[in-house]
Amino acid sequence: MTTVYTGDVGTAIILDCVEDVSSATVRNIKVRKPDGLRTTWTATLDGTTKIKYVTQTGDLDVVGDWSLQAYVEMTGWKGSGELVTLRVNRPL
């Protein structure tokens with residue numbers, strides 16, 4: 001993964017769900033920032049097993065370790081993926 005900084009815009013955040021999620025009607029990335037605040041990013045499909053969110057202005061606003069988790073809903077199943085950590089650094 002490339003280094004990510006606060007204020008970055010256009011950075012693709014891609015989570016691999018391992019299973020085929022192409023039929024999912026809901027694709028989200030749940031986010032917990034280092035300051036404890038939570039948000040949800042609406043993701044798009046990236047292939048058949050990955051979901052992607054491209055950061056926008058104001059998204060990456062806190063330095064530290066962010067927790068990210070895929071959340072999908074499909075016919076017969078809905079649930080969360082594994083927690084991953086994204087380190088957001090301070091630019092010069």
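Me: A pocket is an open set of grid points with protein on both sides within 12 Å along at least five of seven lines. What volume does the largest pocket have in this model?

Reply: About 280 Å³ of space lies in it. Bear in mind that the model is predicted.

Me: Which residues sit nearest the centre of that pocket?

Reply: D16, C17, V18, G81 and E82, out of a lining of 15 residues. β2 (12–16), β7 and β8 each put in at least two lining residues, and β8 gives the most, with 6.

Me: What makes up the lining of the largest pocket, by residue class?

Reply: The split is 9 nonpolar, 3 polar and 3 charged. Cys and Val count as nonpolar, Asp and Glu as charged, and Gly as polar, so among the residues nearest the centre, C17 and V18 are nonpolar, D16 and E82 charged, and G81 polar.

Me: On to the strands. How do you know that β7 and β8 are paired?

Reply: Pairing takes at least two bridges. Strand β7 (residues 64–74) and strand β8 (residues 77–89) are joined by 10, running antiparallel, so they pass. You can check it in the structure: D65 stands opposite R87, and V72 has G79 as its bridge partner. The two strands form a hairpin with 2 residues between them, and G76 in the turn has a positive phi of about 85°.

Me: Why do β1 and β8 count as a pair?

Reply: The cut-off is at least two bridges, and β1 and β8 have 2, so they qualify. These two run parallel, and Y5 has N89 as its bridge partner in β8.

Me: Why is the pairing of the sheet with β1, β8, β7, β3 and β4 called mixed?

Reply: β1 and β8 run parallel, whereas β7 and β8 run antiparallel, so both senses occur in this open sheet, ordered β1-β8-β7-β3-β4. β1 (4–5) and β4 (38–42) stand at the edges with a single partner strand each, so one side of each has no neighbour in the sheet.

Me: What makes β2 and β5 edge strands in the other sheet?

Reply: Each pairs on one side only. The order is β2-β6-β5, with antiparallel pairing, and the twist averages 35° from one strand to the next. β2 and β6 share 5 bridges, and I14 stands opposite K52 in β6.

Me: Now the rings. Why is the pair of W41 and Y53 called stacked?

Reply: Centres have to lie within 6.5 Å and planes under 30 degrees apart. W41 and Y53 come in at 4.7 Å and 15°, so the pair is stacked. W41 is in strand β4 and Y53 in strand β6, so the pair ties together parts 12 residues apart in sequence.

Me: And why is the pair of W41 and W66 called tilted?

Reply: Its centres are 6.3 Å apart, with 35° between the planes. Stacked needs under 30 degrees and edge-to-face over 60, so 35° falls in the remaining class, tilted. W66 sits in strand β7, 25 residues from W41 in strand β4, and ring pairs link W41, Y53 and W66 into a cluster.

Me: How do you know whether W41 and W66 are buried or exposed?

Reply: Buried means under 20% relative accessible area. W41 has 4% and W66 has 0%, so both are buried.

Conventions: Residues are numbered from 1 along each chain as its sequence is written. This is a predicted model: local features need pLDDT of at least 70, side-chain atom pairs count only at pLDDT 80 or more; totals for chains, interfaces and linings use all residues. Side-chain values use heavy atoms; hydrogens and water are left out. Helices (H or I, at least four residues) and strands (E, at least two) are DSSP runs, numbered from the N terminus. On a 1 Å grid over the protein atoms alone, a cavity is a set of points where a 1.4 Å probe fits but cannot get out, and a pocket is an open set with protein on both sides within 12 Å along at least five of seven lines; lining residues have an atom within 4 Å of a point. Grid points are joined across faces, edges and corners, and a volume is the space filled by probe spheres set on the points. Rings of Phe, Tyr and Trp (its six-membered ring) pair if their centres lie within 6.5 Å; planes under 30 degrees apart count as stacked, over 60 as edge-to-face and the rest as tilted. Buried means under 20% relative accessible area, exposed over 50%, partly exposed in between (1.4 Å probe, protein chains only). Axes are lines fitted to C-alpha atoms, for helices over the stretch in contact, and angles run from 0 to 180 degrees between N-to-C directions.
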